[in-house]
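Visitor: Before we discuss any detail, could you show me the model and explain how its charged side chains should be read?

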Amino acid sequence: MQSLRNLFRAAWSSDAKLDGKTVVITGANTGIGKETAIDLAKRGARVIIACRDMEKAEAAVKEIMEKSNSNEVVSMKLDLSNSQSIRDFAEVINRDEPKLNILINNAGVMVCPYGKTADGFEMQIGVNHLGHFLLTYLLIDLIKRSAPARIVTVSSMAHAWGSINLDDLNSEKSYSKSKAYAQSKLANVLFTRSLAKRLEGTGVAAYSLHPGVVQTDLWRHLSAPEQFFMKIARPFTKNSLQGAQTTIYCAVEPSLDTQSGGYYSDCAAASCSSAGKDDTVAEKLWDLSCRMLGITWE
């Protein structure tokens with residue numbers, strides 16, 4: 001019902017400016033991340049795109065600069081499947097950037113064959129959840145000092161088909177690429193809820209969102225029948241620019257200042273699954289994530 005109502009709502013737009021603000025966007029060399037970078041650069045922000053492939057990142061920086069008419073766009077290397085790379089990236093940001101007003105946890109992998117990160121985590125939970133969890137942890141003090149600030153995490157409606165397997169988060173006992181993807185996207189929603197509670201009173205807000213069914217490179221791992229289905233569904237899907245709108249909304253919409261912890265879709269508050277509101281599981285996932293990453297984050 002919510003999505004039907006959103007279909008007939010006027011498109012969201014805002015002339016909010018971000019002059020003097022610094023933004024980090026993970027995985028912004030393609031897709032909705034790149035469109036988000038273009039929009040926020042147009043609004044006057046200094047935009048840092050954090051990417052694994054520096055060749056693609058450099059090409060993206062040129063394009064973002066041209067389309068936004070801004071020269072305040074830089075790329076930095078970040079591999080979310082490697083905790084050392086995350087630590088190196090955060091160290092440079094903390095050293096060189098006087099502020100970080102918006103962190104957008106956008107990068108992700110989707111329904112890929114079973115693989116492990118450099119730290120031995122299943123790839124989808126490792127990149128989509130644990131990589132961003134560690135990144136946020138390492139940057140949180142700078143973000144707090146930059147308040148008012150926002151942390152935006154791109155989830156998916158696929159979270160509704162997921163459950164958190166606390167006894168086998170790495171899917172070592174059995175692996176379904178779609179279940180592992182759904183688990184990682186549910187982890188994004190639960191992380192945002194727990195994070196928002198911990199950030200109460202700091203001037204930092206956290207949001208998670210579903211960008212829509214977007215035509216992106218992430219589809220490359222779909223099976224032949226899934227690819228066929230997506231071709232049929234294509235008229236009902238979004239392009240990258242449309243898919244970026246809810247991320248941009250969560251990053252800049254002034255009325256969201258007091259709505260920390262919420263889940264959004266089609267530039268409006270949306271309902272997440274009941275599993276996405278389970279604070280007991282959220283806290284257990286938080287503790288488990290800290291143990292797996294070897295960090296203490298009260």
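Guide: A salt bridge is a side-chain nitrogen of Lys or Arg within 4 Å of a carboxyl oxygen of Asp or Glu, and a residue is called buried under 20% relative accessible area, exposed over 50% and partly exposed in between, with a 1.4 Å probe and protein chains only. Lys and Arg count as positive and Asp and Glu as negative, while His and the chain ends are not counted. This is a predicted model, in which local features need pLDDT of at least 70 and side-chain atom pairs count only at pLDDT 80 or more, whereas totals for chains, interfaces and linings use all residues. Residues are numbered from 1 along each chain as its sequence is written, and side-chain values use heavy atoms, with hydrogens and water left out.

Visitor: Which side chain of opposite charge is nearest to lysine 185, and how far away is it?

Guide: That side chain belongs to glutamate 122, 12 Å away, and lysine 185 is buried yet has no salt bridge.

Visitor: What does the side chain of lysine 185 reach at 2.9 Å?

Guide: A polar contact is a pair of N or O atoms within 3.5 Å; within protein, one must be able to donate a hydrogen and the other to accept it, and residues adjacent in sequence count only if both atoms are side-chain atoms. Here the lysine 185 side chain reaches the backbone oxygen of valine 154 at 2.9 Å, and it makes a polar contact with the side chain of asparagine 188 at 3.1 Å.

Visitor: How many disulfides are there?

Guide: With a disulfide taken as a pair of cysteine sulfur atoms within 2.5 Å, the count is zero. The sulfur of cysteine 250 lies 7.9 Å from the closest cysteine sulfur, in cysteine 267, which is too far for a bond. Cysteine 250 is buried, with a relative accessible area of 0%, and cysteine 290 is also buried, at 7%.
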